[in-house]
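Thanks for asking me to look this over. Here are my notes, set out point by point, for you to read with the structure open.

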Amino acid sequence: MSSGAWHPGLRESYLYDRNVIAEIQRASREGIYDIRGFGAKRRLPHFDDLLFLGASVSRYPLEGYRERCDTDVVLGTRFAKKPLELKIPVTIAGMSFGALSAPAKEALGRGATEVGTATTTGDGGMTEEERGHSKTLVYQVLPSRYGLNPDDLRRADAIEIVVGQGAKPGGGGMLLGHKISDRVAAMRDLPQGIDQRSASRHPDWTGPDDLEIKIHELREVTDWEKPIFVKVGATRTHYDVQLAVKAGADVIVVDGMQGGTAATQDVFIEHVGIPTLPATRLAVNALQELDMHRKVQLIISGGIRTGADVAKALALGADAVSIGTAALISLGDNSPEYDEEYRKIGSASGFYDDWQAGRDPAGISTQDDKLSARLDPVLGGRRIANYLRVLTLEAQTLARACGKSHVHNLEPEDLVALTVEAAAMARVPLAGTDWIPGRHST
Amino acid sequence: MGTAELTGVEVVDLAAIPLRELNRRLHDRADGSRSWRVLNPNGAHAVACGLDAEIDVEIEGHVGYYCAGMNKLATVRVHGNAGTGLAENLMSGTVIVDGSASQSAGASGQGGLLVVHGDASARCGISMKGIDIVVRGSVGHLSAFMAQTGRLVVCGDAGEALGDSIYEARLYVRGEVAGLGADCVEKELRDEHVAELADLLARAGVDGVDAREFRRYGSARRLYNFHVDNAAAY
């Protein structure tokens, strides 16, 4: 309903707003839950609820355009012979070829490479496009094991064991049949056109003791060269992080519930897991308890959109962040350029989330050759590089304002919270007070 | 370091050298040794994993998890029992276990042949993607779960939920099946299947078993595309 249609006497229910009513009607009509892409759309406590204090009489800033503020990060220093050396602390998260088109994967690799960071494979294995265009490529080992092979393990720069993702901790995946092209089907050893389920559990290990042995096997297969990441969706983050450390991870990736997905039930996206903000604090504390903070590196993902998000995650103790949804938007997802076509398929630019459908006008979340051809991987790569540079510049701007010569020198002491919830979750004081809800007084 | 016997077999004693050194040497194509004997494995994990050469490895004793994991080309024989994830993600080559195997044997294997002369446990052939598995004894529950392609031959019995959510893999069981999983059904055993079975049994070195005594199971293909009317089947 447009605002112009409103007249006195029309009162929308908070409980049954127009989206709720439409969903009940859709469910009644179609008899199946809503599957969609993107991440959580509800309002959640997030990094927006934190502020930097900046320099003051007692804190000395760095000159914004003169003095260095470094951004490099090394991932995998614990056991791997060849840790990843990245120029910026922002990586591209795992997204599959299958969910994304080949040009999209190539563009992500090009952009990441241009600015000296890593990109990540996804369910379905490694494509030549992304290996060829990614200087630093993280290879995911997922429960489905689609396309997994030791040759790609060895030509990867790091290995990421995916236990879960923020959009659907405890859930598997589903690549709907209409996105299963010949090439995707061949990579996954399945017939074309059928729905491809990705398992929610790994086939050959259960529990943290097994995971330790699994990591050992992967190290043996790759002769202890590759950093091994363990990725978890944010749920019981404290325990998951400590168990991943115990299992021998070099790097832990914690993906908050705002993390995106190519195709998951809406009820899953919106109702399972915890937000990125509390997950970050829980993960850092878990590492600190074990005296492993900075020894096992922490990557945070789920709703990272701006340099402010990057800087705040780092200030809370993350070593790096990953972007997924924002990277797709950078490539051209939801672009106004395609608004007319989004409307033809029942959406609009700025709202499109049917990444599962394979009809993406921007040529990103599709396997349709004609649609895919719309995305120029060179131009897409340039956009990704531009965006990553902006994220970095913004994070540096904030770090210099706090007097830091490296973005990793940002610390919780630089932050205050705007809301009681954020103060409790991030464990920084509510702005204007010294109150951290839940902190036990001594 | 191991000693080369007069027979040309390289002998490595895991009671004397670390596993890392064994696997490093097995991965080193410049090493040149084609035949290996591994002594005193004592249940070690990840023994002979990630091989990628036409070599023979004989392991004299029991092994732990992930023995011969991700193997390519090599032939690995365990003269004992094997732990979880035996020959997981096998790509090619042959893995033989004289004893029994724990759960998830041959998990997500993409090729090659896995032979278990004893029993295999739960989830044998889970997520298999082209591997052939021959088990002389029985397999546990949820074997061939989400099995995509390849063949699982069980000369004994199969546990509950055999072939649950199966895709195009072919399952052959000679004994009793405790229960079939979602979308797995018995199918006609035709002559081409008997021939296929006989060939697999011969390649596995399993004698005295008549291929005509097996039943064949596979996908009903009713769950290939999600439909709400089938929701109760999941």
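**Notes on the two chains**

1. Let's begin with the overall build of chain A. A compact globule of 442 residues would have a radius of gyration near 22 Å, and chain A, at 22 Å, agrees with that. Please keep in mind as you read on that this is a predicted model. Along its principal axes, the C-alpha trace of chain A spans about 70 × 60 × 45 Å.

2. What is chain A made of? Its secondary structure comprises 15 helices and 16 strands. Of the 442 residues in chain A, 56% are buried. If you take the contacts in chain A between residues at least 6 apart in sequence, 67% of them join residues at least 24 apart.

3. Now to chain B, which has two helices and 12 strands. Reading from the N terminus, its elements come in the order β-β-α-β-β-β-β-β-β-β-β-β-α-β. The globule rule gives 17 Å for 234 residues, and the radius of gyration of chain B is close to that at 18 Å, so chain B is as compact as a globular protein of that length.

4. A few more values for chain B may help you place it on the screen. Its C-alpha atoms fill a box of roughly 60 × 40 × 25 Å along the principal axes. Buried residues account for 53% of the 234 residues in chain B. As for contacts in chain B with a separation of 6 or more, 24% are between residues 24 or more positions apart.

5. How many residues of chain B are in contact with chain A? There are 36 of them, and they meet 22 residues of chain A. On the chain B side, the elements that give two or more residues are α1 (19-27) and β8 (129-135). The one that gives the most is α1(B), with three residues. By character, the residues on this side of chain B are 13 nonpolar, 16 polar and seven charged.

6. Back in chain A, a pair of helices deserves a look. Helix α10 (residues 307-315) and helix α14 (residues 377-401), both of chain A, have axes that come within 7 Å and cross at roughly 55 degrees. Why is α10(A) called oblique to α14(A)? An angle of 65 to 115 degrees would count as roughly perpendicular and one under 35 degrees as roughly parallel; the crossing falls in neither range, which makes α10(A) oblique to α14(A). The crossing of α10(A) with α14(A) is right-handed.

7. Which residues make that contact? From α10(A) come Gly307(A), Ala308(A), Val310(A) and Ala311(A). The residues from α14(A) include Val390(A), Leu391(A), Leu393(A), Glu394(A) and Leu398(A). Counted over both helices, the residues of the contact of α10(A) with α14(A) are nine nonpolar, three polar and one charged.

8. Finally, a single residue to click on: Val420(A), which sits in helix α15 (residues 420-426) of chain A. Is Val420(A) buried, exposed or partly exposed? It has 14 C-beta neighbours inside 10 Å and therefore counts as partly exposed. Setting aside neighbours within four places in sequence, Val420(A) is in contact with Leu430(A) and Pro437(A). Ile436(A) lies 16 residues away along the chain, and its C-alpha atom is separated from that of Val420(A) by 8.2 Å.

How values were computed: Residues are numbered from 1 along each chain as its sequence is written. Chains are lettered from A and ligands numbered from 1 in the order in which they are written. This is a predicted model: local features need pLDDT of at least 70, side-chain atom pairs count only at pLDDT 80 or more; totals for chains, interfaces and linings use all residues. Two residues are in contact if their C-beta atoms, placed from the backbone, lie within 7 Å. Helices (H or I, at least four residues) and strands (E, at least two) are DSSP runs, numbered from the N terminus. Ala, Val, Leu, Ile, Met, Phe, Trp, Tyr, Cys and Pro count as nonpolar, Asp, Glu, Lys and Arg as charged, and the others, Gly among them, as polar. Axes are lines fitted to C-alpha atoms, for helices over the stretch in contact, and angles run from 0 to 180 degrees between N-to-C directions. Angles under 35 degrees count as roughly parallel, over 145 as roughly antiparallel, 65 to 115 as roughly perpendicular and the rest as oblique. A crossing is left-handed if the near helix is turned anticlockwise from the far one by less than a right angle, and right-handed if clockwise. A residue is buried if 20 or more other C-beta atoms lie within 10 Å of its own, exposed if 12 or fewer, and partly exposed in between; C-beta atoms are placed from the backbone. The radius of gyration is taken over C-alpha atoms; the globule rule is 2.2 Å times the number of residues to the power 0.38.
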